[in-house]
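Good morning, colleagues. Please look at the model on the screen while I go through its chains, its contact and its packing.

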Amino acid sequence: MNRKMDYLTFIVASIRNKPGRNLATVFCFAFIAANVFSAQYLISGASGSFDQGVLRMGADLMVVPSQYQWLFRGSGPQNTAALVKVEPTTFRFTTGTMDKMKNVTNIVKMSPQIYIAKLTVPDLSSSPVEIYGIDPVTDFTIQPWLQYPLDHSLNSGEVIIGNALSAERSSKITLSGHTYTVAGVLDPTQSAVDHTIFLGLDDAYTLAAAEGVLPAADPPIRRGDINAVMVQVVPGADPEMVNSRIRQPSNAITVIQRHFALDPTAREVQGLPALLNMISAVVIVAALPLIALIAGMVAHERQREIGLFMSMGAKRSVIFFLVIVESLVLAAIGGIAGVGASLAVFFVLNAQGFLTSTLQVSFRMPSAAGIGMITAVTLIIVITIGSIASLWPAYRSSMMNPYDAIRGGWR
Amino acid sequence: MIEVTGVTKTYSAQGSEVRAVDDVHFEVKTGDFVLILGRSGSGKSTLLGMLAGLIRPTNGVIRFNGKEIGSLSEDKISELRAKEIGFVFQFSGLIPTITALENVMLPTLFSPNGSGSRSEALKLLKRVGMSHRADAYPRTLSSGEMKRVAIARALINGPALIIADEPTGDLDVDTEYEIMELFRELNREGKTIVMVTHNPDLVPYANRTYGMDRGKLVQRSDPFPFRMVPEGGAQPHQSDRP
């Protein structure tokens, strides 16, 4: 009951009870916010998609036994597909090959893979399921495809499964009497990966030793056997050079090289932020005088009110403060409205794949944290614009001759 | 309370100098009910603005409780207004976006003491017979009701002086009577009142009356020396009250 009047109550009441007067200002702020937010959202989404795409490009080189090339001519030395996993093959070498490769310069990452077998698992898929062993610690070709990154390294007893298999994260699956927990599910790849189960190397060797897993005709898999080493070279290094250095010590291996580069795509994607930022800047520059004009008109309309405040003892600094704060509140309302509207539109467009098809780049919605960051940046920009645009009207209002203003008279 | 000595206010209008207030001398004592009578354009509102420190005189000195207003900074004058002076205007001057109660509380925003709470505002509304309309917005109030709320607002910071600029100018005769009675009560309770008006019917409410014409101020004598009707203008309304 003894609550006193405060500035915020007064400002909010002024805004709430004069919606018409403030609508144009709020709309302007909402327009700016929507523009800035959209630009940053698209940049972030496209950039995230590009980064993820790079991660999912797999290996630059795949080192395999030399017999592999004879069998899989489609996966020859100049491979046109992303190198994510080795083809099912029984040609193997040992992890000792990796030891020799350690001396080759310009290699960033190496990770072994072993194909175990194709198994029929009716609970998971009507078609046979391929079983692979990977090293969860060094793997860089499979785990980037996870729908949700693992919060820990793949443990013994855990598997990662392809998208076409009917099991969910944290569910249990059984392979030849061994039970595993699904630690993660991969995004769709439209390749054989979708029908594949990946185990840690130790689990893979244990499973391979189980009765009936390997076809009788296949040579047994011993611990340390692998089918391929996936290799990532130092960015900017010549993969051909690395390729030849890997092959030098031995004729028993061959190196399959990815035959496409990411640079042209990268250049296309890099152009997008510059364009969107430029559009945002133009909108902001165009909107600034417009908002200043509207704020000036509102201040003019309220000159009698301001004169009255002065007659009540309001100092000029208080009048200045009131005009600025009211503008900031309007900016915040407009900013939130603009961001909310943009988010809703993007959510609908993204759900229908419209962004990906229109922008010609794979679009991935930014994370909640990313959206929060973009929202915060947008609101800061809009509020800054609001305060700059209201500086002159606030100054004019505070310097008004109070008695002239009051004597205009109004009910 | 107020001493006005040789105050002049000149404006430049269309290349010529206009003396809105011309060498005015007068005094307002604590507890006075002073009426300044004059027709439109006589300079009475300009004089009122100078008394409140809203307008700076071109020449002369105005002292408020011994302090020379002209020597005070703008902020000090604002503080003086917030603490010592309550305003009532011809038009209600209520802020249309807030309720009657919030309008009454509004001056507390600008007072260094900030003493006016919601309960005090309600008491004042009750005092002026408006507590039942505390939550009403100004657009739903009659002219008389708005004036009552404006008077309550003028009182919220506990000022010693109430300055009223044509407070009954837009009211019918009955409402004018009610409002003037309210001013009379406030004066009896110790508030000093300085009121300007063009209505000679209000003279009986004041203990001292001045007349103002073309910027000159003269203490009222009988018969009153100034013509209250502009040449060719309408007759001011006459009332049989008080």
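I shall begin with confidence, then take the chains, the contact between them, the cores and two local details.

This is a predicted model. For the complex, the predictor reports an ipTM of 0.82 and a pTM of 0.65. Chain B has a mean pLDDT of 82, with 88% of its residues at 70 or more. Within chain B, strand β8, residues 192–197, has the highest confidence, at 92, and strand β10, residues 216–219, the lowest, at a mean of 82. Please treat residues 225–242 of chain B separately: pLDDT stays under 50 there. For that stretch the model has 22 contacts beyond four places in sequence.

Let me turn to the two chains. Chain A has 411 residues, of which 39% are buried. Its secondary structure consists of 13 helices and 12 strands. In chain A, 82% of the contacts with a separation of 6 or more join residues 24 or more positions apart. Chain B has 242 residues, and 48% of them count as buried. It contains 6 helices and 10 strands. The corresponding share of contacts in chain B, again for residues 24 or more positions apart among those with a separation of 6 or more, is 70%.

How many residues does each chain bring to the contact? Chain B contributes 33 residues and chain A contributes 29 residues. On the side of chain B, four helices each supply at least two residues: α1 (44–51), α2 (74–84), α3 (100–105) and α4 (118–127). The largest share there, 6 residues, is that of α2(B). By character, the side of chain B that touches chain A comprises 15 nonpolar, 12 polar and 6 charged residues.

I come next to the cores. The largest nonpolar core has 113 residues, and the members that touch the most others are Val104(B), Ala152(B) and Ile163(B). Helix α2 of chain A, residues 19–55, provides the largest share of this core, with 14 residues. Leaving aside residues up to four places away in sequence, Val104(B) touches Ala121(B), Leu124(B), Leu125(B), Val149(B), Ala152(B), Arg153(B) and Ile156(B). Another core, of 55 residues, lies apart from the largest one; among its members are Ile134(A), Leu201(A), Val213(A) and Val229(A).

The first local detail is a helix pair in chain B. Helix α5, residues 143–155, packs against helix α6, residues 173–188, at an angle of about 10°, with the axes 10 Å apart. The two helices, α5(B) and α6(B), are therefore roughly parallel. On one side of their contact are Ser143(B), Gly144(B), Lys147(B) and Ile151(B) of α5(B); on the other are Thr175(B), Glu178(B), Ile179(B) and Leu182(B) of α6(B). Taken together, the residues of this contact are 3 nonpolar, 3 polar and 2 charged.

The second detail is a single residue, Val339(A), in helix α9 of chain A, residues 316–351. Is Val339(A) buried or exposed? Val339(A) is buried, because 24 other C-beta atoms lie within 10 Å. Not counting residues up to four places away in sequence, it touches Ala33(A), Phe37(A), Thr375(A) and Thr378(A). Val339(A) and Thr375(A) are separated by 36 residues in sequence, yet their C-alpha atoms are 6.7 Å apart in space.

Thank you for your attention.

Technical notes:
Residues are numbered from 1 along each chain as its sequence is written. Chains are lettered from A and ligands numbered from 1 in the order in which they are written. This is a predicted model: local features need pLDDT of at least 70, side-chain atom pairs count only at pLDDT 80 or more; totals for chains, interfaces and linings use all residues. Two residues are in contact if their C-beta atoms, placed from the backbone, lie within 7 Å. Ala, Val, Leu, Ile, Met, Phe, Trp, Tyr, Cys and Pro count as nonpolar, Asp, Glu, Lys and Arg as charged, and the others, Gly among them, as polar. A nonpolar core is a set of buried Ala, Val, Leu, Ile, Met, Phe, Trp, Tyr and Cys residues joined through C-beta atoms within 7 Å. A residue is buried if 20 or more other C-beta atoms lie within 10 Å of its own, exposed if 12 or fewer, and partly exposed in between; C-beta atoms are placed from the backbone. pLDDT is the predictor's confidence in each residue, from 0 to 100. Axes are lines fitted to C-alpha atoms, for helices over the stretch in contact, and angles run from 0 to 180 degrees between N-to-C directions. Angles under 35 degrees count as roughly parallel, over 145 as roughly antiparallel, 65 to 115 as roughly perpendicular and the rest as oblique.
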